[in-house]
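Student: I am new to this one. Please show me the structure, and then let me ask about it.

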Amino acid sequence: YELRKKKKKGLFRRKEASLAQVLFPGASPEEYSEREPVPAFVEQVESKRTHLPFDFYDLPSCPEPAEKIQKRFRQRKNLGSRLMGYKLRMSPYNFPTKVDKGCTPLCVVEIGGKKLRWLRKLVDRQYRVHLTLDQLPLLMRSRELNYAVRGYPVGFKAPPTFTGLQEDEFYLYNHIKFTITYREEPN
C-alpha cells in the first residue's frame with residue numbers, strides 16, 4: 001500500500017504520513033534513543049462491576065510528577081478519548097529505554113482509617129488501574145492461564161479457605177513488575 005503524494009501550492013506542504021499513521025490516527029510510532037525516558041500515563045481506575053471511575057491520584061499513591069516534567073511529555077489524545085472525557089496524567093513510573101531496572105521503590109505511603117476502608121471497597125468491587133505507555137495500553141498477562149487483560153487490579157480478596165482465617169483478607173498490589181518489549185530498527 002503506497003500513499004498518494006499530493007502537493008499543495010504555497011508555503012505549506014502536506015507532511016508525508018506512514019501507513020501506521022493512516023491506519024491508526026493519533027497513534028504513530030515513536031523513536032527513542034538509549035536511556036531516553038518513555039512517558040507512561042495513568043488513565044482512570046475503573047471497575048466492570050460499578051461504573052464509577054476514579055482518578056489515579058485519588059488513591060493513596062505517590063505524588064504526581066512536577067508540572068515541568070508533564071509539559072515535556074504531553075500526550076496526544078485521539079478523538080475517542082476526547083469524546084469519552086479521559087484525562088491522561090503523567091504516571092509516577094520511570095521507564096528509560098533499553099535499561100534493565102530491578103526493584104525500585106517510588107515512595108512510601110502510609111494508609112489508615114477512611115482511606116483503608118475505601119481501598120477495601122475498591123478491591124471488593126474489582127477496580128483496575130489503567131496505564132498507557134507510548135500510546136499503547138498496558139496489559140497484565142498470565143502465561144499459566146494464557147490470558148491478558150488491560151490494566152492491573154488495585155488488589156485482591158482472599159477467602160477464608162485460602163488464608164485459614166475466619167474472614168476475608170484484603171491484599172493490595174504494591175509491587176508491580178513491568179516487562180516492556182520493543183522492536184529495533186536494523187539501521
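Student: Is I111 buried, exposed or partly exposed?

Tutor: Buried means under 20% relative accessible area, exposed means over 50%, and partly exposed is in between (1.4 Å probe, protein chains only). I111 has 32% relative accessibility, so I111 counts as partly exposed.

Student: What should I know about the model itself?

Tutor: This is a predicted model: local features need pLDDT of at least 70, side-chain atom pairs count only at pLDDT 80 or more, and totals for chains, interfaces and linings use all residues. Side-chain values use heavy atoms, with hydrogens and water left out, and residues are numbered from 1 along each chain as its sequence is written.

Student: Where does I111 sit?

Tutor: Helices (H or I, at least four residues) and strands (E, at least two) are DSSP runs, numbered from the N terminus. By that numbering, I111 is in the loop between strand 5 (95–96) and helix 4.

Student: Which residues form a nonpolar patch on the surface?

Tutor: Patches are made of residues with over 30% relative accessible area and no salt bridge; like charges are joined within 9 Å, nonpolar side chains (Val, Leu, Ile, Met, Phe, Trp, Tyr) within 5 Å. Areas come from the Shrake-Rupley method with a 1.4 Å probe; for residues, only the protein chains shown count as cover. Together the patch has about 260 Å² of accessible area. Its members are V109, I111, L116 and L172.

Student: Which residues of helix 4 are buried, and why are they on the same side?

Tutor: Helix 4 spans residues 114–124, and L119, L122 and V123 are buried there. The arc is that of the directions from the helix axis to the C-beta atoms. L119, L122 and V123 are on the same side of helix 4 because they cover an arc of only 95° around the axis.

Student: What covers the buried residues of helix 4?

Tutor: Contact means heavy atoms within 4.5 Å. The cover includes strand 3 (54–55), strand 6 (127–133), strand 11 (155–158) and strand 12 (169–172).

Student: Which residue forms a salt bridge with D124?

Tutor: A salt bridge is a side-chain nitrogen of Lys or Arg within 4 Å of a carboxyl oxygen of Asp or Glu. For D124, the closest N and O atoms are 2.7 Å apart, and the partner is K157. D124 lies in helix 4 and K157 in strand 11, so the pair ties together parts 33 residues apart in sequence. At 36% relative accessibility, the partly exposed partner is K157.

Student: Which other residue forms a salt bridge with K157, at 3.8 Å?

Tutor: The partner lies in the loop between helix 5 (160–163) and strand 12. At 33% relative accessibility, this partner counts as partly exposed. The closest N and O atoms are 3.8 Å apart, and the residue is D168.

Student: How many residues apart are E43 and R150?

Tutor: Their side chains meet in a salt bridge (2.7 Å, N to O). E43 is buried at 9% relative accessibility, whereas R150 is partly exposed at 30%. E43 is in strand 2 (residues 40–47) and R150 in strand 9, and the separation is 107 residues.

Student: How many bridges join strand 8 to strand 9?

Tutor: Two strands pair if DSSP finds at least two bridges between them. Strand 8 (residues 139–142) and strand 9 (residues 147–150) run antiparallel. They form a hairpin with 4 residues between them. The number of bridges is 4.
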